[in-house]
Each structure stands twice: as C-alpha cells, then as structure tokens.
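Open the model in your viewer and keep the selection panel at hand. The tour has three stops.

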Amino acid sequence: MSGLDFLTTRLETAIGWGRKFSLFHYPFITACCGMEYMSAACAHFDIDRFGAGLTRFSPRQADLLLVVGTISHKLAPVLKTVYDQMLEPKWVIAFGACTVSGGIYQNYAVVQGIDRIIPVDIYIPGCPPRPEMVLDGLLKLQDKIQHQKQDWRWARKT
Amino acid sequence: MGQENLIEAIRAKLGDAVEGVSDSFGDAVLTLRSAAVRAVMAALREAPFEYAVLLDLTCVDFAAAEGRFELVYHLYSLTRNVRLRLKASLPAADPSVETLVGLWKNAEWLEREVFDMFGVRFEGHPYLKRILTYEGFEGHALRKSYPWRLEQPRIPLKGDV
C-alpha cells in the first residue's frame, strides 16, 4: 500500500463526513406531507440535530431536494427544472407515498413516482410518513453519502 | 316565502322551463330544459327569488343514460337563507349550454373547469380554455369514456408503469 492510496481514502472519508452533516435542503412541497415536513423540521423533532436544518429556498444553494407531496403531470417540468438548477453534489429524497409511487392516485393527473422524472436517493414511504421515518431516511442518506465515492469532478448522473 | 310557495312562484313565472321538482333533505331540486338554463338563472337571480350566489356549478357523466351529461347548479339566497339545486341534462354528442358569465362572475372559472373535465361547451363564454389540465391535453379526463389510467406527460418519463 502506497502512502498516496491511504491519503485518498482518508480524504474521501473526510469529505463524506463534511457533506453528510451540512445538508442544505430545498423543500419542494406540494401537498399534505408538508405538515409532516414542518413537524420534522421544527423544534419537536428537530432535523437540525443531524445537520440538515438549514432550509434554502433557492435550488441553486441546496444540496438536498426534498420532494414532499403529490407531483402531477402539470408540475413535472417544474420539478425537473428545479432539479437541474441544483449544483452537484446533490441528493434527492422522495418524501411520502405520492412521490414514491403515486400513492393512492392512479389517474390522468399524477406522476407514478418521481423517479420517472429525476433520480432518487432515498424513498420514505408512508401517507404521510411519521417524523421518525423522515429522520430515519435522513440518517440513511447520511450513511449513503458517507460511503459513496466523493467525486471531485462530478460524473454526470444517469 | 316558504318552500311550497317558492316552487309555485317559480312554476308560475317560468312555466315550461321547469320539467320536474323534487326535494333533497329539505332543499328544492328543479330539473330544467337545457335550452332554458340561462333564462331561468337570470330570473332566479332577481326579486322575488334573490338567489344572489352561485355556490357551485358542476357536471355528472351518466355514461349509459339517454341525456348523458347532467349539469348541476347550486344557488343560494343571502336574503332568505335558502339553497336551490338545478339540474339540466345534455346529450352525449356535442353537449353545449348557454353560459352564465354575465350573471355571476365566478361562473367563468367554474364553466372552464366543467369544459376541461367533461367537454361541455358553454356558448358565449369569453375565454373557454382548459383550466386544470394543460395545453395539449387530449380528451376530457372526467368523462366515463376517458381511459382510467391514461397519462399524458408533458416531459419524457423514465420507464413505464
């Protein structure tokens, strides 16, 4: 094992550690799951304990896209644009049954899961999910960030 | 003006425009000829009836029935605190009725919604365009003939359901 290999691994761990505890999230909230998001974000459950407390209302400043609530076909291009505006590195959480799979809706209006529009890192099911589940999803995302390859020059996500 | 007197008065004033009268949980329900809708509404809005508020305007698709679409109007009188429901059947082929824009301002959006969802044309409407779905949406989503899982995405989607 050469010294350089060892250094690279340590650097990745350090970057991963830094990234996972400084998630700026952009809440893309369209429906009733927003109530549960508020509960998770405010003092009672306090998402800030895990370093994700800083809400940004511009996608250009955010690392984490929280898609909360039903996404209709009319809204799909907007969500795609918001995702495209975010800078790398970026992650997406599908929050609630509607974003995961369309939920109770299967009709002309509703997109059957936002992974048909944008890549999704973590799915949080539930209608709506309990704040504990949201925090659990966040911890799983942090775990994923810690252990994923920390690209410097970001490869295009597919 | 009691319920009985009201129906008598409407009958006396509007005559053959009213095809039937029934009662629903204490509120009167009138069935109208579709051609007379606008004239009846205009009369009901004025004294002595004074139905000043158009509470709701919607439509039902009875796929098998003869007159396939049924428009439902809900009126409310502020001065007398009573409600009135009116219904009018429309044929399956080219359903159309006269607009209520001009009598009530909120009729504009309500009629656009009915047009969007059911394809009912409102003659004389100033801006009869889709309001809930988007430009390029084909068909009318709440018609019984609309395929129940048919999606019309605006951007390409990954995979298929």
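Select B:Ala52 in this predicted model. The residue sits in the loop between helix H2 (37-45) and strand S3 (53-61) of chain B; helices (H or I, at least four residues) and strands (E, at least two) are DSSP runs, numbered from the N terminus. B:Ala52 counts as partly exposed because its relative accessibility is 41% (buried is under 20%, exposed over 50%, partly exposed in between; 1.4 Å probe, protein chains only).

Add B:Tyr76, 24 residues away along the chain; its C-alpha atom is 6.4 Å from that of B:Ala52. Leaving out residues up to four places away in sequence, B:Ala52 touches B:Tyr76, B:Ser77, B:Leu78 and B:Trp104 (contact: heavy atoms within 4.5 Å).

Next, show both chains. Chain B brings 23 residues to the contact and chain A brings 15 residues. B:Glu151, B:Ile155 and B:Lys158 are worth selecting: they supply 34% of the area that chain B buries against chain A, more than any other three residues (buried area: accessible area, 1.4 Å probe, that two parts lose on being put together, summed over both).

Which side chains meet in a salt bridge? Pick A:Arg116 and B:Glu151, at 3.6 Å, N to O (a side-chain nitrogen of Lys or Arg within 4 Å of a carboxyl oxygen of Asp or Glu). The rule finds 1 salt bridge across this interface.

Residues are numbered from 1 along each chain as written, and chains are lettered from A in the order written. Local features need pLDDT of at least 70, side-chain atom pairs 80 or more, while totals use all residues; side-chain values use heavy atoms, without hydrogens and water.
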